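This report goes through selected local features of one protein model. Helix packing comes first, followed by aromatic rings, charges over rings and unusual backbone geometry.

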Amino acid sequence: MVLKQFGEFFFEFCKRSGYDHMLRTLGGNLYEFIENLDALHSYLSLSYQEMNAPSFRVEKNEDGSMHLHYYSDRRGLCHIVPGIIGAAALDFFNTEISMEIVNQTEEEERTGKKEHIVFLVTQKPVFSYKKRNKFSSSTQYIADSGRRIEKQLNKEIRDRTSLISVCPAKKNHWETIRGIVTLGRGKLLRGFKPAYPTTLWIDTKTFCNGLPFHIVFDEELRVKQSGVSIQKIVPGLQTMGIRLDHYFSIVHPEVTFTISSVQKFINSQFVFRTRREMMPESWKQRPMLELRGQMIWMESLQCMLYLCSPLLRTLHELEERQMHIADIAPHDVTRDLILLNQQRLAEMELSNQLERKKEELRILSKHLEEEKKKTEALLYAMLPKHVANQLKEGKRVEAGEFKECTILFSDVVTFTNICAQCEPIQIVLMLNSMYLRFDRLTTVHDVYKVETIGDAYMVVGGVPVPVSTHAERVANFALGIIIAAKEVKNPVSGNPIQIRVGIHTGPVLAGVVGEKMPRYCLFGDTVNIASRMESHGVPSKIHLSPTTYYCLKDKSFEMTARGEIEVKGKGKMHTYFLIRNRTATENEIMGNPIKEADSDHESVQLKKVHLPLPLLRSCVTSNITFTHLPF
């Protein structure tokens, strides 16, 4: 029951997957539908080459039932078949069927799909719900319908009496209907009988040329006749009477090459493949030719006719077998299939080329995005981000006034003497080593690097983004560069270099100047005073103006008064030195990650130890030394 339910679901799944139209056109009734399932599987195998579909063969019985023969390599799945066939019969042909297994064997003579299940299929038509109501709701309706039909028939007979002199008197209404329908239209479709000529009006040569791919063989598989093109490809067929199984093997259906096996599967498509060992020596390197077609049993001659076409998909396969389009009959659709498939392959190749180009463009776009990020990173390192974005968009950057910011200047002590005593490359290396450390600290403390001129380094806090903590940020940065400068060696003496630092707080005007190499510059007296704080500073000290001192005095910074000094261009000023940040450690100032173990160890080292005096005296007399203990 589970497998049958699965079969019904699988049928619905195939319909929803786009095979509905293909399945509906397989046949006009259930017999034709089943008979053409193998052909459908053969077509699908062109796309799904690993597909191993089951095989179906159907036989009609005199009582209207059918015997369905199911062959498969997958044992135990035969109960799916009633679900699939039943769902197809009900959906496509409005027919209910019952299927029961009447025989189950192993086909030893088959080369594949050895499991052979025979189902007895009986069917009966099913009316829809509306039709059942219409025809069985009341006997009165049926009687009324009958009378209306009879009245209409009588009228048709009266109207056509003068015209239907050729029709004899009808014995009942159904014969009358048949006569009316027949008039002027030939015989009824259901009663169609073909007309055959008394003599076959075609000669042997024309037949072999018109059907270049055909073979006639007898019950002993001896070739009696073959088409001209197949003789060209398989020269052995020019010798009449040779055995067909010496030159060909059966690929589909997977049966042994005997006349009884062929007759049993006569409704299936047969695929033959040429045997390599029977081909001429010069042809053995070519791919073997496959033929696909149908078998027709000729009872009067006791011979089998194999009408076939070469199984080729592309012009490349045609060329590999050294064949030409001219070898295929003009009426054979194989010509069109090869050319259409070649066009499809060309379109697929074009599509693949477009996909490759698309992938190349995607990779180039990715690389371009990476380069764009690098360029933007370089641009943002030179200009503030919002300013750089405005310049990229072609906009003019207006100058902006900042009510309060903090500016820092620093320079190297005795820089002129150092330059006079060493090589230029040594100066470059020294400054680069120092500026790399300073640049990292600008990121740590979120201050903006304005510019460097020689050994002078200029930083601002609160510009271009105003912040209330601009003075604290610049102060922490100043403490950091004093520490960082100790790591840079003087190329002359080998000792750590010394720097002077000056800081001032006040208003500035900021804007972009120039088009080539544009710079974001600060203007105003605040810049001058900050520069004076640096030039009047003391080595390894941070010199603060009064305004900066007042910004920091209520914060966590330790400062000391320098006193009143004479500042060039400004007269006397009371200035200060920044000593340290009381709440921040050196690692925090430098932005170094602090390991938990190290911090614990440091806390242990800094913990004061108080020993009792008698214990201390005994340790001293015992010559015990103490290290790392702050008594």
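## Helix packing

Helices α12 and α13 are oblique to each other. The model is a predicted one, and the values below are computed from it. The angle between α12 (residues 334-382) and α13 (residues 385-392) is about 120 degrees, and their axes lie 8 Å apart. Angles of 65 to 115 degrees would count as roughly perpendicular and those over 145 as roughly antiparallel, so the angle of about 120 degrees puts this pair in the oblique class. The crossing of α12 past α13 is right-handed.

Helix α17 (residues 525-535) shows how burial can be distributed around a helix. Its buried residues are Thr526, Val527, Ile529, Ala530, Met533 and Glu534. These residues span an arc of only 165 degrees around the axis, which places them on the same side of α17. An α-helix has 3.6 residues a turn, so residues three or four places apart point the same way.

## Aromatic pairs

A pair of aromatic rings is described by the distance of the centres and the angle of the planes. In the whole structure, the search finds 18 aromatic pairs. One of them is formed by Phe11 and Phe92: the ring centres are 5.4 Å apart and the planes meet at 70 degrees, so the pair is edge-to-face. This pair links distant parts of the chain, with Phe11 in helix α1 (residues 2-24) and Phe92 in helix α4 (residues 80-93), 81 residues apart. Both partners are buried: Phe11 has a relative accessible area of 3%, and Phe92 has 14% relative accessibility.

What kind of pair do Phe248 and Phe272 form? Their ring centres are 5.9 Å apart and their planes are at 40 degrees, so the pair is tilted. Phe248 belongs to strand β7 (residues 248-252) and Phe272 to strand β8 (residues 270-274), so the contact ties together parts that are 24 residues apart in sequence. Phe248 is buried at 0% relative accessibility, and Phe272 is buried with a relative accessible area of 0%.

Ring pairs also build a cluster, which consists of Phe11, Phe33, Phe92 and Phe93.

## Charges over rings

Two cases involve a basic side chain and an aromatic ring. Arg57 lies over the face of Phe265, 5.0 Å from the ring centre. Lys449 has its charged end over the ring of Tyr435, at 6.0 Å from the centre of that ring.

Arg57 also takes part in a long-range approach along the chain. Its C-alpha atom is 8.4 Å from that of Lys264, while the two residues are 207 apart in sequence. Lys264 lies in helix α10 and is partly exposed, with a relative accessible area of 33%.

A further approach of this kind involves Val444 and Asn592, which are 148 residues apart in sequence and 9.4 Å apart from C-alpha to C-alpha. Val444 is in helix α15 (residues 424-445). At a relative accessible area of 34%, Val444 is partly exposed.

## Unusual backbone geometry

Most residues other than glycine have a negative phi, and most peptide bonds are trans. The table gives exceptions found in this model.

| Site | Feature | Value |
|---|---|---|
| His252 to Pro253 | cis peptide bond | omega near -5 degrees |
| Val463 to Pro464 | cis peptide bond | omega about 0 degrees |
| Leu221 | positive phi | about 65 degrees |
| Ser540 | positive phi | about 60 degrees |

Where are these sites in the fold? Pro253 lies in the loop between β7 and α10 (259-264). Pro464 is found in the loop between β13 (456-461) and α16 (470-485). Leu221 is placed in the loop between β5 (214-218) and β6 (223-226), and Ser540 in the loop between α17 and β16 (542-544).

Burial was also computed for Leu221 and Ser540. Leu221 is buried, with a relative accessible area of 2%. Ser540 is partly exposed at 33%; values under 20% count as buried and values over 50% as exposed.

Conventions:
Residues are numbered from 1 along each chain as its sequence is written. This is a predicted model: local features need pLDDT of at least 70, side-chain atom pairs count only at pLDDT 80 or more; totals for chains, interfaces and linings use all residues. Side-chain values use heavy atoms; hydrogens and water are left out. Rings of Phe, Tyr and Trp (its six-membered ring) pair if their centres lie within 6.5 Å; planes under 30 degrees apart count as stacked, over 60 as edge-to-face and the rest as tilted. Helices (H or I, at least four residues) and strands (E, at least two) are DSSP runs, numbered from the N terminus. Buried means under 20% relative accessible area, exposed over 50%, partly exposed in between (1.4 Å probe, protein chains only). A charge sits over a ring if NZ of Lys or CZ of Arg is within 6 Å of the ring centre and within 35 degrees of the ring normal. The arc is that of the directions from the helix axis to the C-beta atoms. Axes are lines fitted to C-alpha atoms, for helices over the stretch in contact, and angles run from 0 to 180 degrees between N-to-C directions. Angles under 35 degrees count as roughly parallel, over 145 as roughly antiparallel, 65 to 115 as roughly perpendicular and the rest as oblique. A crossing is left-handed if the near helix is turned anticlockwise from the far one by less than a right angle, and right-handed if clockwise.
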